[in-house]
Amino acid sequence: MAVYNVHERLLAGKPSEVGPLIDTLSSSNDMLWPTAAWPPMQFDRPLQVGAVGGHKPIRYTVAAYVPATWVRFTFTGPRGFHGFHEYAVLAVDDDHTLLRHTVAMKTSGLARLTWPLAIGPLHNACLEDSLDRAELACTGTVARPAQWGLCVRLLRKLLGSPNPGS
């Protein structure tokens, strides 16, 4: 099964202001990954090409990295994930930047079921939370905070993950 999944947020700010958020990924001052509610993104070394890690069962290697602009992670797990995910900073005009996260992969085996039934909905919620963090970092507020649907709340309960505010 082919998966092409894009999440993006138009942010008030220049690429030079938004881009550094990518550089904080997996650091002690991570301003992009929503570690308060989701497993942290962790690597065996600072963010750089060749760093190996991921977040809980989702494993990947940093395949490409242009500081403050773009980072691509190639999946190494779970079994059946064949592709990548990435963050990219795209200039829109002098005062606005698009922050985009893309998953492009083919799934095989059990992943053909786990992606649409569980991992995909959890991924969507996590990425919207990540974009909320980016908006907060850039503007000091979040105009329309992401809300988890019933499916995500149920999946988190089944997996033993606490739901914030519960």
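Which residue in β7 does L10 stand opposite? In this predicted model, L10 stands opposite L98 in β7. The two strands concerned, β1 and β7 (residues 96-107), pair in the antiparallel sense over 11 bridges, and their pairing offers a convenient entry into the sheet.

That sheet is open and consists of seven strands, with antiparallel pairing and the order β1-β7-β6-β5-β4-β3-β2. Its edges are formed by β1 (2-12) and β2 (42-43); each has a single partner strand, so one side of each is left without a neighbour in the sheet. Helix α3 (residues 111-139) lies across β1, β4 (58-66), β6 (81-93) and β7, and it runs at about 10° to β1.

The residue N5 gives a detailed view of this region. N5 lies in strand β1 and has a relative accessible area of 13%; because buried means under 20%, N5 is classed as buried. Among the residues that N5 touches, leaving aside those up to four places away in sequence, are H101, T102 and V103, together with W115, H123 and N124. Two of these contacts are polar and join side chain to side chain: one with H123 at 3.0 Å, the other with N124 at 2.9 Å.

From the edge strand β1 the description now turns to the middle of the sheet. Strands β4 and β5 pair in the antiparallel sense over seven bridges, and within this pairing the bridge partner of V62 is F73 in β5. The two strands form a hairpin with three residues between them, and A68 in the turn has a positive phi of about 60°. On the next step along the sheet, β5 and β6 pair in the antiparallel sense over five bridges, with R72 standing opposite E86 in β6. This hairpin likewise has three residues between its strands, and G80 takes a positive phi near 100° there. The loop between β5 and β6 also holds P78, and the peptide bond from G77 to P78 is cis, with omega near 5°.

Such backbone values deserve a short comment. Most residues other than glycine have a negative phi, and most peptide bonds are trans. Against that background, S26 has a positive phi of about 70° although it is not a glycine. S26 lies in the loop between α2 (20-23) and β2, and at 23% relative accessibility it counts as partly exposed. K56, again not a glycine, has a positive phi near 50°. The place of K56 is in the loop between β3 (52-55) and β4, and its relative accessibility of 60% makes it exposed.

Aromatic side chains form a further theme. How many aromatic pairs does the count give? The count comes to seven. One of them joins F43 and F73, which are stacked, with 5.8 Å centre to centre and 10° between the planes. F43 lies in strand β2 and F73 in strand β5 (residues 70-77), so the pair ties together parts that are 30 residues apart in sequence. F43 is buried at a relative accessible area of 15%, and F73 is buried at 0% relative accessibility. Y60 and F75 make another pair, this one edge-to-face, with 6.5 Å centre to centre and 80° between the planes. This pair links distant parts of the chain, with Y60 in strand β4 and F75 in strand β5, 15 residues apart. Both Y60 and F75 are buried.

These four residues belong to one aromatic cluster, formed by F43, Y60, F73, F75, F81 and W115. The cluster member W115 is also among the residues touched by N5, and the cluster member F73 is also the bridge partner of V62.

Rings also take part in contacts with charged groups. The charged end of R72 sits over the ring of F84, 3.6 Å from its centre; R72 is the residue that stands opposite E86 in β6. In a second case, the charged end of R156 sits over the ring of W38, 4.4 Å from its centre.

Conventions:
Residues numbered from 1 in each chain as written. Heavy atoms only, no water. Pairing = 2+ DSSP bridges. Helix = DSSP H or I, 4+ residues; strand = E, 2+ residues; numbered from the N terminus. Contact = heavy atoms within 4.5 Å. Axes fitted to C-alpha atoms, helices over the stretch in contact; angles between N-to-C directions. Buried < 20%, exposed > 50% of the residue type's maximum accessible area, 1.4 Å probe, protein only. Polar contact = N/O pair within 3.5 Å; in protein donor to acceptor, adjacent residues only side chain to side chain. Phe/Tyr/Trp six-rings, centres within 6.5 Å; stacked < 30°, edge-to-face > 60°. Lys NZ or Arg CZ within 6 Å of the ring centre and 35° of its normal.
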